[in-house]
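Ready for some practice in reading a protein model? Work through each exercise yourself, then compare your steps with the solution below it.

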Amino acid sequence: MKAGTPLGLEAKKYMDAGDLVPDEVVIGMIREGLTGRTDDFMLDGFPRTIAQAEALDAMLGDVGAPIDAVISFEVPRDELVRRLGGRWICRGCGRSFHETSNPYGGEPCSSTGAECDLYQRDDDRPEAVANRLDVYDSQTSPLIEYYESRGLLRRVDGALSLDDVQAQVVEAIS
Ligand SMILES: [Zn+2]
């Protein structure tokens, strides 16, 4: 998306509305990223549908690198709305702030030296946030059962503090 490639611009259209990027677009991107990798890696926000999970299983089967663990961050819906709706990002340095939990303090931007130039992502606007959560319920939440039945699911209480969430993640993948 950042490089403005046709695939990236196609993906942005869906994300700005809070919709999922179509499976064939995302799977193509992941396949490109995984090709030739031999180290350990973590996928953040993928897969988001059963079809993507099945495609991932096939890709990892091809390279003989099975999934070690799947982490589900569990956060109440009203807390997610609060978090996503209050997020602001700097156009210069890319840092992300939150209206209440991590407000911008006015320090100079590490990229421009001036004040950070904050904007709200289209998919963090209130109407897109509501749609994202509905899309999660209908299309992504079935993955919990998918991975639980394979013994891979690790649940993390995402409503805790950053430090406590980090500790749970480390434990989940140890
Ligand atoms: Zn900045």
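**Exercise 1. Find the order of the strands in the open sheet, and say which strands are at the edges.**

Solution. In this predicted model, three strands line up as S3-S2-S4 in an open sheet, and their pairing is antiparallel. Next, look for strands that pair on one side only: these are S3 (96-98) and S4 (118-119), the edge strands. As background, strands of a sheet pair through backbone hydrogen bonds, either parallel or antiparallel.

**Exercise 2. Zoom in on strands S2 and S4: over how many bridges do they pair?**

Solution. Start with S2, which covers residues 87-90. Its antiparallel pairing with S4 runs over 2 bridges. For a concrete example, take Cys90: its bridge partner in S4 is Leu118.

**Exercise 3. Decide whether Leu80 is buried, partly exposed or exposed.**

Solution. First locate the residue: Leu80 belongs to helix H4, residues 77-85. Then count neighbours: 17 C-beta atoms lie inside 10 Å. A buried residue needs 20 or more, and an exposed one has 12 or fewer. Leu80 is therefore partly exposed. Now see what Leu80 touches: beyond its neighbours within four places in sequence, Leu80 is in contact with Val75 and Leu133. Finally, compare sequence with space: Leu80 and Gly18 are 62 residues apart along the chain, and their C-alpha atoms are 14 Å apart.

**Exercise 4. Check the length of helix H7 against the span it should have.**

Solution. Helix H7 takes in residues 162-173, which makes 12 residues. The expected span is 1.5 Å times one less than the number of residues, so H7 should span 16 Å. In the model, the end C-alpha atoms of H7 are 17 Å apart, which agrees. One more step concerns its surroundings: the number of buried residues in H7 is 0, so this helix lies largely in the open.

**Exercise 5. Which peptide bond is cis, the one from Phe46 to Pro47 being your place to look, and where does Pro47 sit?**

Solution. Recall that most peptide bonds are trans. The bond from Phe46 to Pro47 is cis, with omega near 0°. Pro47 sits in the loop between helix H2 (23-34) and helix H3 (50-63).

**Exercise 6. Where in the chain is confidence lowest, and where is it highest?**

Solution. Begin with the whole chain: the average pLDDT is 90, and 100% of the residues score at least 70. Then turn to the elements: confidence is lowest in H2, with a mean of 83, and highest in helix H6 (residues 142-148), at 97.

Note on methods: Residues are numbered from 1 along each chain as its sequence is written. This is a predicted model: local features need pLDDT of at least 70, side-chain atom pairs count only at pLDDT 80 or more; totals for chains, interfaces and linings use all residues. Helices (H or I, at least four residues) and strands (E, at least two) are DSSP runs, numbered from the N terminus. Two residues are in contact if their C-beta atoms, placed from the backbone, lie within 7 Å. Two strands pair if DSSP finds at least two bridges between them. pLDDT is the predictor's confidence in each residue, from 0 to 100.
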